[in-house]
Structures are given as structure tokens and as C-alpha cells.
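Me: I am new to this structure and would like a close look at a single part of it. Please take the strands that pair side by side, follow them from one to the next, and then turn to the loops around them.

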Amino acid sequence: QVQLVESGGGLVQPGGSLRLSCAASGFTFSSYVMSWYRQAPGKERDLVAHITSVGGSTYYADSVKGRFTISRDNAANTVYLQMHSLKPDDTAVYYCNAESSALGRSYWGQGTQVTVSS
């Protein structure tokens, strides 16, 4: 049974930091590209960052470059999103995604709420 379980969300003041975690099980984690998406109320779900399965190449949306860092621990089957200098515009539900284009599979977590407010 495939599971992606996000944690680490919460309420933080502007300028603060949070680290999100996504624990994966039920599939070969090291073979999948791992991504973080976010969806604010009334908006589409947007890609925030991803990290490749091998080599760890990363991509960031322009809105988070220099503030967010994605990383993965293949031994622990976990992907992280370290977020610094948080802004109110970062408020959203953050979702973890695992994707293998070779296998044609994509999995989603249930999401974790991040609220940036004073």
C-alpha cells in the first residue's frame, strides 16, 4: 500500500521558518522524482520544488528560490522542504508528490497546512 505522509506544517510568523517532511512507503522511493506542490484557497495547485531520483538535481519555482530547499534521504524514504523567510503569500496546503515517468505512476500525500501570519 502506497503512502505519502506529510508533517511539519503549522502557523508561523512572517520571516519565520518551517521544515516539512514527507515519509514514503509502499514503493521504491529512490526511483521516483519527489516534489512539493502547494495550493492556496481558490487557486490552482502549483509546483514548488522537485528533486530527481538520482543525483539529486533540484528545481524551484521563482517565488521560492533562495528561501526554500528541497532534499531527500533515500535510506529513510523521506523528502524534506526547508522553508525560510516565510511570507503570507506562502500560506497554502503543501502536498508531497512521487512520480515515475518510466512506470507511469504518480502518488500524492494528503497535504499539510502552512499558515504564515502575524
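Reply: What follows sets out the chain as a whole, then the paired strands, then the loops.

The model is predicted, not determined by experiment. Its secondary structure comes to 11 strands and 0 helices. Read along the sequence, the pattern is therefore β-β-β-β-β-β-β-β-β-β-β, and the radius of gyration is 14 Å, close to the 13 Å that the globule rule gives for 118 residues, so the chain is as compact as a globular protein of that length. The C-alpha trace spans about 40 × 25 × 25 Å along its principal axes. Of the 118 residues, 41% are buried. Among contacts with a separation of 6 or more, 54% are between residues 24 or more positions apart. The accessible surface of the chain is about 6,100 Å², and carbon and sulfur atoms account for 46% of that surface. The chain carries 9 positive and 8 negative charges, and the mean positions of the two sets are 3 Å apart.

Now the paired strands, beginning with β1. Strand β1 covers residues 3-7. In a regular strand, side chains alternate between the two faces of the sheet. In β1, the covered face holds L4 and E6, while Q3, V5 and S7 are on the uncovered face.

The partner of β1 is β3, residues 18-25, and the two pair in the antiparallel sense over 5 bridges. Two residue pairs show how they line up. E6, from the covered face of β1, stands opposite C22 in β3. S7, from the uncovered face, has S21 of β3 as its bridge partner.

From β3 the path leads on to β8. Strands β3 and β8 run antiparallel and are joined by 6 bridges. S21 appears again here, as it stands opposite Y80 in β8. S21 can thus be traced in two directions: to S7 and to Y80.

The next step goes from β8, residues 78-83, to β7, residues 68-73. These two strands also run antiparallel, and 6 bridges join them. One of the residue pairs is T69 with Q82, its bridge partner in β8. The faces of β7 can be read in the way used for β1. F68, I70 and R72 form the covered face of β7, and T69, S71 and D73 form the uncovered one. T69, the residue paired with Q82, is on the uncovered face.

Strands β7 and β8 form a hairpin with 4 residues between them. N77 lies in this loop. Its phi is near 55 degrees, a positive value in a residue other than glycine. With a relative accessible area of 26%, N77 is partly exposed, because that label covers values from 20% to 50%.

After β8 comes another loop, which leads to β9, residues 92-100. S85 has its place in this loop. Like N77, S85 is a residue other than glycine with a positive phi, here near 50 degrees. The relative accessibility of S85 is 41%, so S85 counts as partly exposed.

T91 is found in the loop between β8 and β9 too. The relative accessible area of T91 is 22%, so T91 is partly exposed. Leaving aside neighbours within four places in sequence, T91 is in contact with A40, Q113, V114, T115 and V116. S35 gives a distance for comparison: T91 and S35 are 56 residues apart in sequence and 18 Å apart in space, C-alpha to C-alpha.

One more loop completes the view. K43 is found between β4, residues 33-39, and β5, residues 45-51. K43 counts as exposed because its relative accessibility is 58%, and the label applies over 50%. K43 and D73 are 30 residues apart along the chain, and their C-alpha atoms are separated by 31 Å. D73 belongs to the uncovered face of β7.

To retrace the route, β1 pairs with β3, β3 is joined to β8, and β8 is joined to β7.

Key:
Residues are numbered from 1 along each chain as its sequence is written. This is a predicted model: local features need pLDDT of at least 70, side-chain atom pairs count only at pLDDT 80 or more; totals for chains, interfaces and linings use all residues. Side-chain values use heavy atoms; hydrogens and water are left out. The radius of gyration is taken over C-alpha atoms; the globule rule is 2.2 Å times the number of residues to the power 0.38. Buried means under 20% relative accessible area, exposed over 50%, partly exposed in between (1.4 Å probe, protein chains only). Contact means heavy atoms within 4.5 Å. Accessible areas come from the Shrake-Rupley method with a 1.4 Å probe; for residues, only the protein chains shown count as cover. Lys and Arg count as positive and Asp and Glu as negative; His and the chain ends are not counted. The place of a charge is taken as NZ of Lys, CZ of Arg, CG of Asp or CD of Glu. Two strands pair if DSSP finds at least two bridges between them.
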